[in-house]
Structure formats: structure tokens, C-alpha cells
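Me: Could you walk me through this one, and tell me what stands behind each label you use?

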Amino acid sequence: MKFLEYEYKRPNLEELKKDFLLAIDKFQQGKTLEIQNENLKKIVKLRNDFLTQSEIAGIRYSIDTRDTFYEAEQDFFDQAMPEYEGLVSTFYKALIKSPFKEDLKKQWGELLFNIAQQQIKTYSDEVLEDLKTENKLASQYTKLLSSAKIPFRGETHTIPQMRPFMMDEDREIRQIAADLVAEFFEANESKFDEIYDKMVKTRHEIAIKLGYENFVDLAYDRLGRTDYNSSQVKVYREAIKSYVVAIAEELRVKQSKRLGLEELKYYDLVISFRTGNARPKGSPEEILEQGKAMYSELSPETTEFFNFMLEHELMDLLSKEGKSPGGYCTFINNYKAPFIFSNFNGTADDIDVLTHEAGHAFQVYMSKNYELPEYIWPTFEACEIHSMSMEFLTHPWMKNFFGEDTEKYYFNHVNESFTFLPYGVTVDEFQHFVYENPKASPEERKEAWRNCERKYMPSTDYTGNEFLDKGTYWFRQGHIFKDPFYYIDYTLAQICAFQFWKKSEEDSDLAWKDYLALCKKGGSDSFLNLVSEANLNSPFEPETIKEVASFVKKHLDEIDDMKL
Ligand code: ZN
């Protein structure tokens, strides 16, 4: 069955509640392990049915945000999701009180119980209405962002459609494009401020009601971080400051030399070479063909996976009007089907979709047979290891996409992955400020953002654009609005992906073996356990950051980038 044929039917919430609570009741009354298991499985089925419909609606809505049918369905799930989560939370409470807990742990794994324990803290009926508000605000943000109709060269463009112009070789075009995008945010500044302010206050309120000091620890719990906390993340950010920032700044200087510019402005950062960045060759169809060939050469597992994606039409890749910006990969439980969503734009980003998003999809395809929805995906930092490492493990095939631009692509991929680290911790430190100071005004938040930029990316130069210079770049960073504190994850995973890259340069078979084993583990273990089982060093050890930074620097120093 193809994705378009997947049946969508709005779940009956009242019925779901009734069946769910009945199964929980039977679970609690269950006098034997068998009865408990039977009802646990019933609950798993109810959850998978609900999640399947929610995913189908979410995907179809993001493919066309003007579609009023799926818009209404999305609204329905905005309202229903907190109630569903309430039911899961009720199940978790029953689970951890089970008299057969030890037997259940043997069968389903200790992690399920850790997750249950943690998630219970993040929910009570008292915050149900606030959770609905939070979801509603997230949808408002998405809608506002995809409402952008930026006039340029006689046509209107969405934000992702502006990206090729922002990466134009011609500096003047880059500047105009970057300023036009900034103008959209400036014209809607009060709307973005208002949405975010309401989000911060709502989240703080939820945290207080649940007995947390502020939203920070609640966010960590929500993200399922069971084996590290915000003080370790602080140490990690400091390690980035100590070992990465100076090298990243050197790379910026090299970049300006390559571009023949005296200084890099905000509109120059995304471009690496005077002759333009590496561009993929061929039409989207040809790119997809190359993707298929790549995965069939990489391994038997990736061959099967990519054919499955193609056969069932589980990828929506082209940019279209009304389509939500960005890219993602998700999973449709009952069909055991990953789905890849993106906005192809003719830049190297398109190839990243085929490596990064496909890395996610491959992992979830490898772990699709876990019965528990909890074990399909790991926590986000671990998920990003699969995707970001796939970007490196597919390096040998990049020549098929980039032709004579391949060297440029390699250099830039490593360069950008590395200079991303300071940006990632900027996003993280900013959010710690925001939620540790929930009463800060929108203006104080902007100042805090700018200060974080100065700390981790000191050469950022917004001269000529006062709006960006006052600290508003983050308006476009969706995670800050919709997925608080989910961003540092990309940097933690990047540190792991660099380790996979190093390993693949030394022994590609061994690297693939470790990678495949990691993918198969899915979400059945916690982040740091997965890291160590994949034979990687923990990113929370400053020594790891130091080693990764020096490996990357050495590699980049060996390339004569002025020739590219
Ligand atoms: Zn990702």
C-alpha cells in the first residue's frame, strides 16, 4: 500500500478513553503476569492506532497547510494529544505499581520503567488545559512562518524557497535576499514576540504546577533525558567554548579569504566559495535515482530499506506552495513505515535529505519491530547520531551527486558541521536564560540572544541590519518555539558523528558494523548507554571534545581550500 492509500479516520476520543481506561483497570486488577501482559498489549495496540492516525494527519497537513480538512484534523490532534498523553501517564502509574514489576522488566526492559517514572512527573490533569494552549501556540508559530510570501524577482517565495538566493554567488543578491527574509520577521516582530512570550509563560506555569522550580528540568524530563542533567550540559557548552570556538573562528577567517572579502557579514556566512557552494547535478528524479544506487551499494539492509521507501511512496521531497518549511522524518506505527518530508531547493541541502533524513528513516526501519512505541526511537540526541553519521558514512558516494564539486562538498560538509557547534550551544544557552528568567521581557531576551552569539560566535557581524543586530535571528529557529531544549541534541550527536567519521576513515567495515548495531537498538536504551555500546566516547567528557576538534582541524588544514 502506498502512503496516499493509507486510511485516515479521526479517532473517536471518547471511545479511546473508555477502552484505554478499561484496559488499565484490567491491568491493575490482573492477578497474574499473563493477564497484565495481555492488557499491556491491548494498551500498546490502542496507542499505535492513535499515533498512526495522528502521524498521517500531521504529514498530510504539513504537505499542504492550506488543506482545510487536514487543518481541522491537526487542530483536533492539538486538542486530543494532551488527553492521549494523560492516558499514557495513567498507564505508566499503573505500570510502576505492578506487583509483577520484576517479571515485566525482564520481558520489556528496565528502560520502560525509567521512562514511565520520569514521564509521570511531567503530567497531571491540572496542566491539561495549559498543554493544549502550548500546542495551539506551536501551531500558530508554524502557520505564521509558512505564511511568508516574500516578493523577489517578480515572484513570491516561502522562506525555504529564498534559500538559494541567500546562497547566491553574487554578494548583492545574497544581501538583498537575507534582508528580505529579515524584513518578513521584522514586519511580524510583535507576533513572534507575543507567541513566544505566551509559550514561555505557559511552560513556566506548567512547571510550577507540576512542582518543578522552573521549566528547565521539566523540559529535560519531557525529552526523556534519563542519564544527564543541565549542569553536565553547562560543562559541555564550556568545553565547546574552550576547544571549538577558536578553531571555528579561524575557519571563518579562512572562509573570508576564500571569498576574497575583508570581513564576513551575516549574509556571507552560508556561502563558502567565491564560485558558489557545491551544487548537486541533475534533476530531483536523477538525484533520487543516485540515492537508490548509493543505498544499494552501501549494504543489504540499506538496499531493502530504500526500496521500501520508494515502493510505498514514503517521501515527499519537492518544495511547493503551502507546504510547511523544513524537513523531517517520522514513523507511521501500524504500517511500520518511516516517512521523509523535505523541501528540495536545488542546493546541497537536497543531498542532506537523502543522507540525514534517510539516516533517521533507516534507523527506525531497523527498529520497526519493537512492540513498544517507546523503543521505536531513542531520545533525540541519539536519533541524531544515526542521521548525522549517515552523512559521513555516505561520503564515498558524494561524487555521484556533486561531480566536479565533490571536493567542495567534502570540505564544506566537515567545515559546516564543525562551525555549527557554536551555533548549537548558542541556541541552548539562550533557552536556559529564557526559562531560568521567565519574567524577562522580549527585549531582554533579544539582548540575551545577542550576548550568547557574542560569546560563542564572536565574529558575527550584523552591521547594516539593525533588526538582526538587536538579537532576533532566532525567530527562524523553529525548535526554540516548538521543541524547547531540543537543539543541543544536534551538537551532542555531531560530536558522535565525527567519531564515526574518524572510525570510517580508519576502518570502514568496523564503522558500519557499529553503526548498524546502534540503529538496531532503536530506543531500547538510554543515550549514554547507546553511545558506549556503539564504542563512542561520551560528549560530556571535555577530552572527547578536544580530540574531535583536533581531528577535524587537522583534516581541514590538510586541504588547500583556496583552490576550491
Ligand atoms: Zn535529524
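**Pockets, a helix and a hairpin**

Me: What makes residues lining the second largest pocket nonpolar, polar or charged, and how many are there of each?

Reply: That lining divides into nine nonpolar, four polar and two charged residues. Asp, Glu, Lys and Arg count as charged, Ala, Val, Leu, Ile, Met, Phe, Trp, Tyr, Cys and Pro as nonpolar, and the others, Gly among them, as polar. Please keep in mind that this is a predicted model, where local features need pLDDT of at least 70, side-chain atom pairs need 80 or more, and totals for chains, interfaces and linings use all residues. Residues are numbered from 1 along each chain, and side-chain values use heavy atoms, without hydrogens and water.

Me: Why is it called a pocket, and which residues lie nearest its centre?

Reply: It is an open set of points on a 1 Å grid where a 1.4 Å probe fits, with protein on both sides within 12 Å along at least five of seven lines; lining residues have an atom within 4 Å of a point. Here 15 residues qualify as lining, and Phe392, Leu393, Pro396, Ser504 and Ser508 lie nearest the centre. Helices H16 (380-393), H18 (406-436), H22 (488-506) and H23 (508-521) each give two or more residues to this lining.

Me: Which residues are closest to the centre of the largest pocket?

Reply: Pro11, Asn12, Glu15, Asp49 and Phe50 are closest, out of 15 lining residues. The largest share of that lining, five residues, comes from H2. By class, the lining of the largest pocket has five nonpolar, four polar and six charged residues.

Me: How do you know which residues of helix H4 (101-108) are buried?

Reply: Leu104, Lys105 and Trp108 are buried, that is, under 20% relative accessible area with a 1.4 Å probe and protein chains only. Because they cover an arc of only 105° around the axis (taken from the directions to the C-beta atoms), they sit on the same side of H4. Glu102 and Lys106, on the face turned away, are exposed, meaning over 50%. Just after H4 comes Gly109, with a positive phi near 95°.

Me: Why is strand E4 (328-332) called largely enclosed?

Reply: Four of its five residues are buried, so the rest of the structure largely encloses E4.

Me: What makes E4 and E5 (337-344) a pair?

Reply: Pairing takes at least two DSSP bridges; E4 and E5 have five, in the antiparallel sense, so they count as paired. Thr330 is bridged to Phe339 of E5. Four residues separate the strands of this hairpin, where Lys336 has a positive phi near 45°.
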